[in-house]
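Work through the exercises below with the sequence and the model at hand. Each task is followed by a solution in steps.

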Amino acid sequence: MNRREFVRSVGAVSVAPTALMQEPQKPNQENAVQLSQIHGASEQDEKAPGPFLPGRRRVGYAIVGLGRLSLDQILPAFGSSQYCAPVALVSGDKTKALRIADQYGIDSASVYGYDSFERLADNPRVQAIYVVLPNGLHEEYVLRAAKIKKHILCEKPMARTSAEARRMIAGCAAANVKLMIAYRQQYEPHNMALRDRVASGAMGKLRGFISSNSQQQGDPSQWRLNLKLAGGGCLPDVGLYCLNAARFLSGEEPNEVSATLWQPKNDPRFREVEASCSFTLKFSSGFVASCSTSYDVHKSQFLRLEGEKAWAELSPAFGYHGNKLRYSQLQGEVETEFTPQIEEKNQFALEMDHFAECILENRAPRTPGEEGLRDHIIMEAIYEAGRTRRSVTLSGSPV
Ligand code: NDP
């Protein structure tokens with residue numbers, strides 16, 4: 001039995017006993033915090049369903065920023081995780097945070113404000129800090145977490161710029177702590193199955209990729225539409241999924257980008273950020289990815305890969321639930337279409353468990369800071385291409 005099998009079978013790990021957690025409690029839904037809707041009225045509710053499964057002994061996470069993603073996805077996902085438990089909360093709203101702590105069985109003494117963030121250093125139950133704040137605050141909180149020597153899982157997009165991303169990587173390296181960017185699609189079973197199919201050679205060489213990730217934004221006052229807090233509009237928020245999928249599924253890096261940006265002057269939502277962006281990534285192998293993203297169309301998220309020998313499609317591609325994979329395969333001279341039944345798993349739980357395993361086994365995460373930095377370099381080239389209406393060349397190895 002290797003170490004990982006041992007950890008899985010008995011839940012015992014060779015870290016300080018103070019860092020090991022009891023099973024997380026089933027959340028108490030009475031008195032739960034309700035958040036307002038930010039998407040357009042036509043978009044569906046995306047709250048995670050139960051069940052909240054019992055766990056074993058856990059790596060303790062502090063969740064920083066108690067907004068929609070934390071409340072609707074991340075905190076419920078602990079109930080499906082194997083190795084993690086929420087043990088501390090950081091929020092600017094103490095009343096809300098105490099209610100959520102009560103709901104998830106977190107000690108009220110482990111609820112912090114942003115100004116008392118550094119006190120997490122003295123909480124031995126916290127091994128990882130999960131930064132779930134607006135993008136413009138990621139750099140500050142990742143660097144503050146690194147200074148107090150905690151490992152960090154940071155939401156996507158990693159930052160606002162490649163310069164911020166580089167400082168975050170350097171700060172974590174200097175403090176000798178792990179940094180992982182939360183690219184949940186790289187832990188999601190349908191996306192993983194497609195990546196494995198490409199890697200197996202079943203599709204032949206990849207030639208084309210078409211993808212869209214768009215949604216209708218509602219509330220014009222939200223931080224996503226504020227350049228300082230968001231770093232950009234639909235591109236870094238949802239278009240990033242198409243960009244990252246093109247790189248992650250192909251295993252290749254683009255060397256040229258072209259783009260078109262659209263920012264309507266008469267819509268109060270888009271005073272500071274783009275409403276839509278279409279971009280094309282060219283790769284030296286001949287692979288071309290055509291992507292589009294918008295904050296002003298009804299939710300649409302798919303990708304289609306075209307190889308020499310087959311096509312494959314994920315639709316939806318980037319959902320929290322319900323992703324579907326279809327692909328073609330030549331059998332003799334007959335082309336058959338397959339829709340494999342892939343078990344749906346909570347991708348946030350898989351992602352947090354991966355980081356927990358990296359901490360427990362002292363391994364590098366699969367989506368480290370460098371993965372986020374690559375996307376920022378490419379997004380900067382996309383903005384430049386959109387502004388100048390010219391193709392922008394990237395060096396083969398962008399990091
Ligand atoms: P929300 O606006 O719902 O929540 C952000 C939270 O950050 C707030 O509730 C607040 O928490 C805290 N906060 C601190 N300072 C500010 C500020 N100046 N303005 C607004 N909020 C502030 O955002 P989301 O939860 O949707 O997004 C958070 C991060 O997660 C972003 O980086 C986003 O890109 C990413 N994300 C990732 C997704 C994924 O699928 N991986 C999906 C959705 C978002 P408090 O009141 O506790 O202080």
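Two strands pair if DSSP finds at least two bridges between them. The model is predicted.

**Exercise 1.** Find how many bridges join β8 and β15, and in which sense these strands pair.

*Solution.* Start with strand β8, residues 254-262. Between β8 and β15 there are 2 bridges, and the sense is antiparallel. Pairing requires at least two bridges, so these strands count as paired. Next, look at V257: its bridge partner in β15 is V392.

**Exercise 2.** Place β15 in its sheet: which strands are the edge strands?

*Solution.* First write down the order of the open sheet, which has 9 strands: β14-β13-β12-β11-β7-β10-β9-β8-β15. The pairing in this sheet is mixed. Then read off the edges: β14 (334-338) and β15 (392-393) each pair on one side only.

**Exercise 3.** Determine which strands helix α8 lies across, and do likewise for helix α10.

*Solution.* Take α8, residues 234-250, which lies across β7 (206-216), β8, β9 (276-283), β10 (288-294) and β11 (296-307). Its direction is at about 160° to β7. Now take α10, residues 369-388, which lies across β8, β9 and β15. The angle of α10 to β8 is about 55°.

**Exercise 4.** Describe how α2 and α9 pack.

*Solution.* Begin with the geometry: α2 (residues 68-77) and α9 (residues 347-360) have axes 8 Å apart, at an angle of about 65°. The crossing of α2 past α9 is right-handed. Then list the residues: L69, Q73, I74 and A77 of α2 meet F348, A349 and M352 of α9. Sorted by class, this contact has 6 nonpolar residues, 1 polar and no charged ones.

Note on methods
Residues numbered from 1 in each chain as written. Predicted model: local features only at pLDDT ≥ 70, side-chain atom pairs only at ≥ 80, totals over all residues. Heavy atoms only, no water. Axes fitted to C-alpha atoms, helices over the stretch in contact; angles between N-to-C directions. Helix = DSSP H or I, 4+ residues; strand = E, 2+ residues; numbered from the N terminus. Left-handed = near helix turned anticlockwise from the far one by under 90°. Contact = heavy atoms within 4.5 Å. Nonpolar A, V, L, I, M, F, W, Y, C, P; charged D, E, K, R; others polar.
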